[in-house]
Amino acid sequence: MPDKDYTPEYTLDDLLNELPISLAYEEDTNNAKLLSLYADGMQDTLTLLQKINDWRDLDNAEGAALDMIGDDRGVYRNGADDDFYRFEIKTKQLQRVTDGTYNSLIKLVCDALDAKYSDVNVRPMYESTGEPDAVEITNIPGHYINDERKEQLLYDRLQGVLDAGIRLANVEFIKEFNLQHTIGLCAQDYELDVAVMKGGK
């Protein structure tokens, strides 16, 4: 994770301005040299504290710092890379605050993928197949997810928050493909949307 630029709350000039006017505060004075040591140490300490705070953020943490966040939440790495492990932790957190309502299912999907709420639909299966105790989640843009393991994990998390007896019949990801079609000497590019379904077991 690259270090963020950090602007300290206090600089040497700020400290020098706090000195009474009767004291010398020019750059080469003993007062300025002494306060410079204090300002540098304070800046280093504040920068370190800011870095520690940044690494406690799930979106920024890597390696051992990410392991600590996962351990705190009862999610263990088991050999996963940082990107997938971060997704495991995030979806587990979201699963714990999801109550199984349609809106909360949409929230889980969209917050896990950083997607727009308006992109995702949840509907009961009785509208399409007549099955009374099943739901499907459709129209999830595929560009929000780049890993089949994440698709499966998201499916499992969603199934895990539904009430007993309710089946998650389908989760539909819309994948976009660029195709080229040639007629005679003319080639034309166009996009094709394909629904990839992950069905219930």
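Rings of Phe, Tyr and Trp, the last represented by its six-membered ring, are taken to pair if their centres lie within 6.5 Å. By this criterion, a search of the whole structure, which is a predicted model, returns zero aromatic pairs. Aromatic rings nevertheless appear in contacts of another kind, with charged side chains, and these are described below after an outline of the fold.

The chain comprises 201 residues, of which 37% count as buried. Its secondary structure amounts to six helices and four strands, and the order of these elements from the N terminus is α-α-α-α-α-β-β-α-β-β. Strand S1, formed by residues 121-124, runs antiparallel to strand S2 and is joined to S2 by four bridges; within this pairing, Pro124 has Val135 of S2 as its bridge partner. Strand S2 spans residues 134-141 and is largely enclosed by the rest of the structure, because seven of its eight residues are buried.

In the helical part of the chain, helix H2 covers residues 30-55 and contains Leu48. This leucine has a relative accessibility of 49% and therefore counts as partly exposed, the cut-off for an exposed residue being over 50%. Together with Leu49 and Ile52, Leu48 forms a nonpolar patch on the surface, and the accessible area of the three residues together is about 270 Å². Helix H3, made up of residues 63-72, includes Met68, which at 57% relative accessibility counts as exposed. The C-alpha atom of Met68 is separated by 9.0 Å from that of Arg56, although the two residues are 12 residues apart along the chain.

Side chains of opposite charge can pair when their charged atoms come close. The structure holds nine salt bridges, several of which can be placed in their surroundings. Asp82 and Arg77 form one of them, with 2.9 Å between the closest N and O atoms. The two partners fall into separate accessibility classes: Asp82, at 25% relative accessibility, counts as partly exposed, whereas Arg77, at 19%, counts as buried, since the limit for burial is under 20%. Both residues also belong to a network of salt bridges in which they are linked with Asp67.

A further salt bridge joins the side chains of Asp111 and Lys107, at 2.8 Å from N to O. These residues are four positions apart in helix H5, which consists of residues 102-113, so they are separated by about one helical turn. Both ends of this bridge are partly exposed, Asp111 with a relative accessible area of 22% and Lys107 with one of 38%.

Arg149 takes part in two kinds of contact. Its side chain meets that of Asp147 in a salt bridge, with an N to O distance of 2.8 Å, and Arg149 also lies over the face of Phe84, at 4.2 Å from the ring centre. Arg149 is partly exposed, with a relative accessible area of 38%, while its salt-bridge partner Asp147 is buried, with a value of 16%. The neighbouring position in the sequence, Lys150, is likewise placed against a ring, in that its charged end sits over Phe87 at 5.3 Å from the ring centre. Thus, although zero aromatic pairs are found, the rings of Phe84 and Phe87 each have a charged side chain over them.

Notes
Residues numbered from 1 in each chain as written. Predicted model: local features only at pLDDT ≥ 70, side-chain atom pairs only at ≥ 80, totals over all residues. Heavy atoms only, no water. Phe/Tyr/Trp six-rings, centres within 6.5 Å; stacked < 30°, edge-to-face > 60°. Lys NZ or Arg CZ within 6 Å of the ring centre and 35° of its normal. Patch = residues over 30% accessible without salt bridge, like charges linked within 9 Å, V, L, I, M, F, W, Y side chains within 5 Å. Areas by Shrake-Rupley, 256 points an atom, 1.4 Å probe, with all protein chains shown as cover. Salt bridge = Lys/Arg side-chain N within 4 Å of Asp/Glu carboxyl O. Helix = DSSP H or I, 4+ residues; strand = E, 2+ residues; numbered from the N terminus. Buried < 20%, exposed > 50% of the residue type's maximum accessible area, 1.4 Å probe, protein only. Pairing = 2+ DSSP bridges.
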